[in-house]
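Trainee: I am new to this structure and would like a close look at a single part of it. Could you pick one residue, walk me through its surroundings, and then step outwards from there?

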Amino acid sequence: MLHTRHKIEYDPTNCVGCKLCYKACFIDVIRWDEEKKQPIFKYVNECAHCNYCMASCKKGCITVVPDYSSQSYRQSFDMYR
Ligand code: SF4
Ligand code: SF4
């Protein structure tokens, strides 16, 4: 399993509990808190920096901050060369 140091910032202020971020994450970085109706960013060290969660949130609650030094970040650019 690839381990990364990307960070995910979550501001719950405008979160409406729509679950789209949870459904968008194709790995299990994001879990769901049924009580609070909010995402839990549990396995952040497995984040692939796909930005799907950030793009899926129409309320602007999520910001994915890439670790610019990581191998996976560089590989995402190498694909388009
Ligand atoms: S950036 Fe991608 S892999 Fe990382 S938490 Fe969001 S959806 Fe999951
Ligand atoms: S997509 Fe945004 S508004 Fe919806 S549950 Fe996730 S953080 Fe909250």
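Mentor: Let's begin with Tyr52, which, once its neighbours within four places in sequence are left aside, is in contact with Ala24 and Cys25. Please keep in mind that this is a predicted model. Tyr52 belongs to helix α2, which covers residues 52–56. A separation of 8.6 Å lies between the C-alpha atoms of Tyr52 and Phe26, although 26 residues separate the two along the chain. Is Tyr52 buried or exposed? The answer falls in between: Tyr52 counts as partly exposed because 18 other C-beta atoms lie within 10 Å, while a buried residue would need 20 or more.

Now step back from the helix into the loop that leads to it. Asn51 sits in the loop between β3 and α2, and its phi is positive, about 70°, although Asn51 is not a glycine. Asn51 has 16 other C-beta atoms within 10 Å, so it is partly exposed. His49 is found in the loop between β3 and α2 as well. The phi of His49 is also positive, near 55°, again in a residue other than glycine. His49 has 18 C-beta neighbours inside 10 Å and therefore counts as partly exposed.

Cys25, which we met as a contact of Tyr52, leads us to ligand 1. Which residues come nearest to this ligand? Of the 14 around ligand 1, they are Cys25, Val29, Cys47, Cys50 and Cys53. Sorted by class, that shell holds twelve nonpolar residues and two polar ones, with no charged residues.

Several of these names return in the largest nonpolar core, whose eight residues are Cys21, Cys25, Val29, Ile30, Cys47, Cys53, Cys57 and Ile62. In soluble globular proteins, nonpolar side chains tend to be buried together. Ile62 is a good member of the core to follow: apart from residues up to four places away in sequence, it touches Ile8, Tyr10, Cys21, Cys53, Met54 and Cys57.

Cys21 and Cys57 take us on to ligand 2, where they are among the residues that come nearest, together with Cys15, Cys18 and Cys61. The shell of ligand 2 has 13 residues, of which nine are nonpolar, two polar and two charged.

Cys61 also has a link to Asn14, a residue in the loop between β1 (7–10) and α1 (20–24). The C-alpha atoms of Asn14 and Cys61 are 6.6 Å apart in space, while the two residues are 47 apart in sequence. Beyond its neighbours within four places, Asn14 is in contact with Lys59, Gly60 and Cys61. Asn14 counts as exposed because it has 10 C-beta neighbours inside 10 Å.

One more stop is the hairpin of β2 and β3. Strand β2 (residues 30–33) and strand β3 (residues 38–41) run antiparallel and are joined by four bridges. Asp33 stands opposite Gln38 in β3. The hairpin has four residues between its strands, and Lys37 there takes a positive phi near 55°.

Finally, here is the wider setting. The protein chain has three helices and four strands, and along the sequence they follow the pattern β-α-β-β-α-β-α. Of its 81 residues, 12% count as buried. Among contacts between residues at least 6 apart in sequence, 58% join residues at least 24 apart.

Key:
Residues numbered from 1 in each chain as written. Chains lettered and ligands numbered in written order. Predicted model: local features only at pLDDT ≥ 70, side-chain atom pairs only at ≥ 80, totals over all residues. Near = placed C-beta within 6 Å. Nonpolar A, V, L, I, M, F, W, Y, C, P; charged D, E, K, R; others polar. Helix = DSSP H or I, 4+ residues; strand = E, 2+ residues; numbered from the N terminus. Contact = placed C-beta atoms within 7 Å. Pairing = 2+ DSSP bridges. Core = buried A, V, L, I, M, F, W, Y, C linked by C-beta atoms within 7 Å.
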